[in-house]
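Subject: Handover of a structure and its findings

Dear colleague,

Please find below the structure that I am handing over to you. I would be grateful if you kept it open while reading the notes that come after it.

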Amino acid sequence: MSVAHSLITTRHRRSAVISVLALAALAACSDSTRANSRTTVGPDVALGNGTAHTWVTVDASGNPTALGLAFTESALSGLPTTMSSVRLHFPAEGTLTPFDHAEIDWNPDGHEPQPYMVPHFDFHFYQITEAEQDAITPADSDYDAKMAAAPSAEFIPQDYIQTPGGVPQMGAHWVDPTSPELNGQPFTSTFIYGSWDGAFTFMEPMMALSYLQSKPDTTMAVKLPAKYATPGRYPTTYGVSYDASAKEYRITLGTLVQRN
């Protein structure tokens, strides 16, 4: 993969993205907090012919209000012809959230089940460490049992069901059967949960390449569980937007709310 931007261009791009992200966060804050809301970004990684990075927005009190991924428009070209992944790290403010790291998985031929057999991205936000993620392998003598183990009912998001089997270095996947693409509509965007060994371990916005190329600007509610196993500030919305001035896409886990 090649990175098509010079260091100077990258710095200007980051400044533009940070400004736009900060403005989005400020709009949701009270007058007393607007002046001090700030967004920080993680290190760039190569993606297609462009780059991607994480970001976290915090309010005046230092509480995270949103986090996500940003990637250049050029990242949607020059992608591999086979399935590939890139792992991303959060800035220091990421430790204030339930998320340890993120991963972008590119699926040029899609994957099962049928609605997702189109080119698309899986945007994983992991609540476990990289070492714990990498340990999800068939080499584990209890692999099948841990993959099948479901979290307690109060931790399962509304309407979600566990799909059969699972994926090494990911875990079991949970889908909402009321989602449009599972009811005869074309797949554009959906929200997946993941679990391993009886605990939820990741959240995953999943988006078709064609949907991203349409440069959408949408925010959708996330269906939530009654309780969370680990206290923290969890997202209640997810969304995608395109910044024409910076020529970047943003994937957002937003409206973070403290859950105890």
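The notes below go through the sheet, the salt bridges, the aromatic rings and one threonine. Please bear in mind that this is a predicted model.

The sheet

I suggest starting with the open sheet, which is formed by 7 strands. Their order is S5-S6-S7-S11-S10-S9-S8, and the pairing is antiparallel. Which strands stand at the edges? They are strand S5 (84–89) and strand S8 (161–162); each has a single partner strand, so one side of each is left without a neighbour in the sheet. The partner of S5 is strand S6, residues 101–107, and 6 bridges in the antiparallel sense connect S5 and S6. To find one of these places in the viewer, look for Ser-85, whose bridge partner in S6 is Asp-105.

Salt bridges

The structure has 9 salt bridges. One of them also involves S5 and S6: Glu-103 forms a salt bridge with Arg-87, with the closest N and O atoms 3.4 Å apart. Glu-103 lies in strand S6 and Arg-87 in strand S5, and the two residues are 16 residues apart in the chain. Is each of these residues buried or partly exposed? Glu-103 counts as buried because its relative accessibility is 7%, whereas Arg-87, at 24%, counts as partly exposed.

Arg-87 forms a salt bridge with Asp-134 as well, and here the closest N and O atoms are 3.0 Å apart. This pair links distant parts of the chain, since Asp-134 belongs to helix H3 (residues 130–134) and is 47 residues apart from Arg-87. Asp-134 counts as partly exposed, at 32% relative accessibility. Which residues are linked in the network of salt bridges? They are Arg-87, Glu-103, Glu-130 and Asp-134.

A further salt bridge is found between Asp-140 and Lys-146, where the closest N and O atoms are 2.9 Å apart. Asp-140 counts as buried, at 18% relative accessibility, while Lys-146 counts as partly exposed, at 22%.

Aromatic rings

The number of aromatic pairs in the structure is 16. One of them is the stacked pair of Phe-71 and Tyr-249, with 5.4 Å from centre to centre and 20 degrees between the planes. The two rings come from distant parts of the chain: Phe-71 is in strand S4 (residues 64–72), Tyr-249 is in strand S15 (residues 248–254), and they are 178 residues apart. Phe-71 is buried, with a relative accessible area of 1%, and Tyr-249 also counts as buried, at 1% relative accessibility.

How are the rings of Tyr-193 and Phe-200 arranged? Their centres are 5.8 Å apart and their planes stand at 65 degrees, so the pair is edge-to-face. Tyr-193 is buried at a relative accessible area of 3%, and Phe-200 is buried at 18%.

Phe-71 and Tyr-249 also belong to one aromatic cluster, together with Trp-106, Phe-121, Phe-123 and Tyr-242.

A threonine in strand S3

Finally, please look at Thr-57, which is placed in strand S3 (residues 50–58). Thr-57 counts as buried because its relative accessibility is 1%. The side chain of Thr-57 is joined to that of Thr-39 by a polar contact of 2.5 Å.

Yours sincerely,
A colleague

Conventions
Residues numbered from 1 in each chain as written. Predicted model: local features only at pLDDT ≥ 70, side-chain atom pairs only at ≥ 80, totals over all residues. Heavy atoms only, no water. Helix = DSSP H or I, 4+ residues; strand = E, 2+ residues; numbered from the N terminus. Buried < 20%, exposed > 50% of the residue type's maximum accessible area, 1.4 Å probe, protein only. Polar contact = N/O pair within 3.5 Å; in protein donor to acceptor, adjacent residues only side chain to side chain. Pairing = 2+ DSSP bridges. Phe/Tyr/Trp six-rings, centres within 6.5 Å; stacked < 30°, edge-to-face > 60°. Salt bridge = Lys/Arg side-chain N within 4 Å of Asp/Glu carboxyl O.
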